[in-house]
Each structure stands twice: as C-alpha cells, then as structure tokens.
Amino acid sequence: MLVLRLLIEGNSIRSTERITNLDRNTIMRLLTLAGEKCEKLMGRLIVNVPVKDVECDEIWGFVQKKEGHKGPEEAHDESIGDAYCFVAIERSTKLVLNFALGRRSKATTDVFIEGLRHATSSQNFQITTDGFAPYVKAISDTLADRVDFAQLIKVYRSPAEGEGRYSPAEVASTEVVPVLGNPDPARICTSIVERQNLTVRMQMRRLTRLTNGFSKKWENLWAAYCLHFAFYNFCRIHSSIRVTPAMESNLTDHVWDLTELLA
C-alpha cells in the first residue's frame, strides 16, 4: 500500500522506487492492477446518481511527447502526443461522475457524454461546459431528455510583449451561451471542475508541468487517472463538505481506506 500512497500523493515512479527499494516494473504492475480495480469499482457504484449541477472540462496531458514535437512520420500516429482527460463533476457533492481519456475530439466527447448518462439518474439537472464545439451535439443527442445545458466561453487576452511563455493566460471576457432547455444563469459555472483540474496536476506526477514524469504509455496514464479519481471520490475528505464526495452523494456511509478501495 505504501507504493500506491506515494503515487497518490504525487511521487514519480523513480522516486517511489528509491523510497521503497522496489523495482520500477513492479511498481508499474501494481499501478496497473490498482487502476483496473478502481475502474471496475467506479463503474459499479457510480450509476444512476441523482445530481443537480454538473460541470465538465478537459485537462491536457501527453503520452511520450507533446503534439508539437512529433516528427513528420509521427504526424498521424495517435498513440503518442496530446492526451486529454474529460472530467464531469457534481458541483455540490464534488463527486467525479465520469471521465474519459483520449484525443480532444468528437469521438472522445461522445464516449464521455454516454458515460455521464450512465452515471446520472433520469431526473433533470443543469450542465455547464466550456466552448468546445462537440459538446453541443453530444449532449443534445444523449442527454436532451434530462438536462438544461449552457456553455461558458472564456476569451483569453494575447500575451504582453516580453511575457514568459509559461505565464498563466489572463481571461479578457466570458460569454454565456444557453444551448438546451432553460439553464439558470446563476448556476452556469465551471470553477469547481477547473479547481479539480488543479488537484489532478498537484496529485499526479504525470500531469505536473515542466517535469519529466510524463506517461510513456496510454494504459499507464489511464491507470493513474483511475486510481486518482477513485481515491478522490471514496477516500479523501473534501474540506468544503467535510466528508468524501461518495458519502455526500449517499454512495457510502464512511470514509474508505486504501485497502477497502482495492479489496
């Protein structure tokens, strides 16, 4: 369990190897096995959950190398390059309802929204996304019977002269676009899912910027996401609700430990 706790708290594979004196291949096998168990657990328990407000966003990562660093012979190789994780979170309970890993494409969006339908109950709820165009058709086709849908589109200003390339972008303006149903303007928001993206980057070494801890294989990145979100939902007490998201959503009645999560 020490190996998985170290990975959950943001350690790299090599630092975990140094701390535990276990071979990195053994550590990777443990991560893959834990990821498989967590994926099955969430697929079994996060089903037909009553929700009120859902926020969706995508978090960028990459496998082997960044998209812009691919050579001409790799241009059409989708096994390397950009890897986006689509995340849906319930605003009040902080429960991560669904996530999908793939390219930032219509195909990944469709799979993601289909999974969100499976995770949520048939009662009406409001959903907010960013301005990514494929959301419109995916949500209209899959969730039209149960959602009020709006997009929150942020316009970023151009970097000032001399500004560092890694300086955070500044939001110049926002535009609210109602898409489906009758979304409440006061509840159109993506701040919770954007904060969740920060948590992912802080807790997963593979997503920490400007490091060499990035994933070399899609299956390892997927396993790391599964472990992270399962631990977040069932084991980690959220400061704002003082229980785990799973407890707040009435999926469990106590805080799980890592042993229970992987049983």
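**Notebook: helix packing around α2, α3, α6 and α7**

I looked first at α2 and noted that its buried residues are Ile13, Ser15, Thr16, Glu17 and Thr20, where buried means under 20% relative accessible area with a 1.4 Å probe and protein chains only. I am reading a predicted model, in which local features need pLDDT of at least 70 and side-chain atom pairs count only at pLDDT 80 or more, while totals for chains, interfaces and linings use all residues. Residues are numbered from 1 along each chain as its sequence is written, and side-chain values use heavy atoms, with hydrogens and water left out.

I then asked what the buried residues of α2 pack against, and found α1 (2–8) and α3; contact here means heavy atoms within 4.5 Å. Helices are DSSP runs (H or I, at least four residues), numbered from the N terminus.

**α2 with α3**

I looked up the pair α2 (residues 13–20) and α3 (residues 24–45), which pack at an angle of about 115 degrees with their axes 9 Å apart. Axes are lines fitted to C-alpha atoms over the stretch in contact, and angles run from 0 to 180 degrees between N-to-C directions. The two helices α2 and α3 are therefore roughly perpendicular (65 to 115 degrees; under 35 is roughly parallel, over 145 roughly antiparallel, and the rest oblique). From α2, Ile13, Arg14, Thr16, Glu17 and Thr20 make the contact, and from α3, Arg24, Ile27 and Met28. I sorted the residues of this contact into 3 nonpolar, 2 polar and 3 charged, with Ala, Val, Leu, Ile, Met, Phe, Trp, Tyr, Cys and Pro as nonpolar, Asp, Glu, Lys and Arg as charged, and the others, Gly among them, as polar. Just after α2, I noted that asparagine 21 takes a positive phi of about 65 degrees.

**α3 with α7**

I followed α3 to α7 and found that their axes come within 7 Å and cross at roughly 55 degrees, which makes α3 oblique to α7. Among the residues meeting here are Leu31, Cys38 and Leu45 in α3 and Trp222, Leu227 and Phe234 in α7. The residues of the contact of α3 with α7 divide into 15 nonpolar, 4 polar and 1 charged.

**α6 with α7**

I turned last to α6 (residues 191–203) and α7 (residues 218–234), which pack at about 120 degrees with axes 11 Å apart, and are therefore oblique to each other. In this pair, Gln196, Thr199, Val200 and Gln203 of α6 meet Tyr225, His228, Phe229 and Tyr232 of α7. I counted 4 nonpolar, 4 polar and no charged residues in the contact of α6 with α7.

Conventions:
Buried < 20%, exposed > 50% of the residue type's maximum accessible area, 1.4 Å probe, protein only.
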